[in-house]
Amino acid sequence: MVRYRFDDGLTDALGYLLDTSENSCTVRTRTSDVVIPLAMVIAAKEVPPPPPRRPAVRRAGGSLPSA
């Protein structure tokens with residue numbers, strides 16, 4: 001996770017750190033690769049991966065009870 005200044009506020013890039021250089025870092029988010037100038041970075045930290053998805057719970061009979 002990289003927190004950085006964006007316009008008049010802050011935003012986070014949550015994803016995998018792909019690359020760093022002298023002037024920028026690249027984070028792969030769910031939607032795209034984000035290149036962030038290091039001068040805009042406020043904070044960064046490692047975040048554990050999300051837990052595995054739990055299977056959906058199905059009711060016996062496959063229908064909802066009537067009201």
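Val 41 makes its longer-range contacts with Val 2, Arg 3, Tyr 4, Cys 25 and Ile 36, once neighbours within four places in sequence are set aside. The model behind this is a predicted one. Val 41 belongs to strand S6, and with a relative accessible area of 25% it comes out as partly exposed. The cut-off for buried is under 20%, so Val 41 at 25% is not placed in that class. Its C-alpha lies 9.0 Å from that of Ser 24, a residue 17 positions away in sequence.

Stepping back to the chain as a whole, the secondary structure is simple to describe: zero helices and six strands, which read along the sequence as β-β-β-β-β-β. Of the 67 residues, 16% count as buried. The chain exposes about 6,200 Å², and carbon and sulfur atoms supply 53% of that area. As for contacts between residues at least 6 apart in sequence, 29% of them join residues at least 24 apart.

The strand that holds Val 41 is part of an open sheet of three strands, ordered S2-S1-S6 and paired in the antiparallel sense. S2 and strand S6 (41-44) are the edge strands here, each pairing on one side only. Direction ignored, neighbouring strands of this sheet are turned by 25° against each other on average. Within it, S1 and S2 run antiparallel and are joined by five bridges. Tyr 4, one of the contacts of Val 41, has Thr 11 in S2 as its bridge partner, while Phe 6 is partnered by Gly 9 of S2.

S1 and S2 also make a hairpin, with two residues between them. One residue of the turn deserves a closer look: Asp 7 has a positive phi of about 55° although it is not a glycine. Asp 7 sits in the loop between strand S1 (2-6) and strand S2 (9-13). Its relative accessible area is 69%, which is why Asp 7 is classed as exposed.

Another open sheet of three strands takes the order S3-S4-S5, again with antiparallel pairing. Its edge strands are strand S3 (16-20) and S5, each of which pairs on one side only. On average, and with direction ignored, neighbouring strands of this sheet are turned by 25° against each other. Strand S4 (residues 24-28) pairs with S5 over five bridges, in the antiparallel sense. Arg 28 stands opposite Asp 33 of S5.

Two residues of this sheet make a neat contrast in exposure. Ser 24, found in strand S4, is buried because its relative accessible area is 19%, against a cut-off of under 20%. Val 35, placed in strand S5 (residues 33-37), counts as exposed because its relative accessibility is 55%. The two residues are in contact: not counting residues up to four places away in sequence, Ser 24 touches Asp 19, Val 35, Ile 36, Pro 37 and Leu 38. Seen from Val 35, with that sequence filter applied, the contacts are Ser 24, Cys 25 and Thr 26. The C-alpha atoms of Val 35 and Ala 13 are 9.7 Å apart, with 22 residues separating them along the chain.

That leaves the interior. In soluble globular proteins, nonpolar side chains tend to be buried together. Here the largest nonpolar core has seven residues in all: Val 2, Tyr 4, Ala 13, Cys 25, Val 27, Val 34 and Ile 36. S1, S4 and S5 are the elements that give two or more residues to this core. S1 comes from the sheet ordered S2-S1-S6, whereas S4 and S5 come from the one ordered S3-S4-S5.

Val 27 gives a good view of how this core is put together. Leaving out residues up to four places away in sequence, Val 27 touches Val 2, Ala 13, Leu 14, Gly 15, Tyr 16, Leu 17, Ser 32, Asp 33, Val 34 and Ile 36. Among these contacts, Val 2, Ala 13, Val 34 and Ile 36 are themselves listed in the core. Val 41 also reaches members of this group, including Val 2, Tyr 4, Cys 25 and Ile 36.

How values were computed: Residues numbered from 1 in each chain as written. Predicted model: local features only at pLDDT ≥ 70, side-chain atom pairs only at ≥ 80, totals over all residues. Heavy atoms only, no water. Helix = DSSP H or I, 4+ residues; strand = E, 2+ residues; numbered from the N terminus. Buried < 20%, exposed > 50% of the residue type's maximum accessible area, 1.4 Å probe, protein only. Contact = heavy atoms within 4.5 Å. Areas by Shrake-Rupley, 256 points an atom, 1.4 Å probe, with all protein chains shown as cover. Pairing = 2+ DSSP bridges. Axes fitted to C-alpha atoms, helices over the stretch in contact; angles between N-to-C directions. Core = buried A, V, L, I, M, F, W, Y, C linked by side-chain atoms within 4.5 Å.
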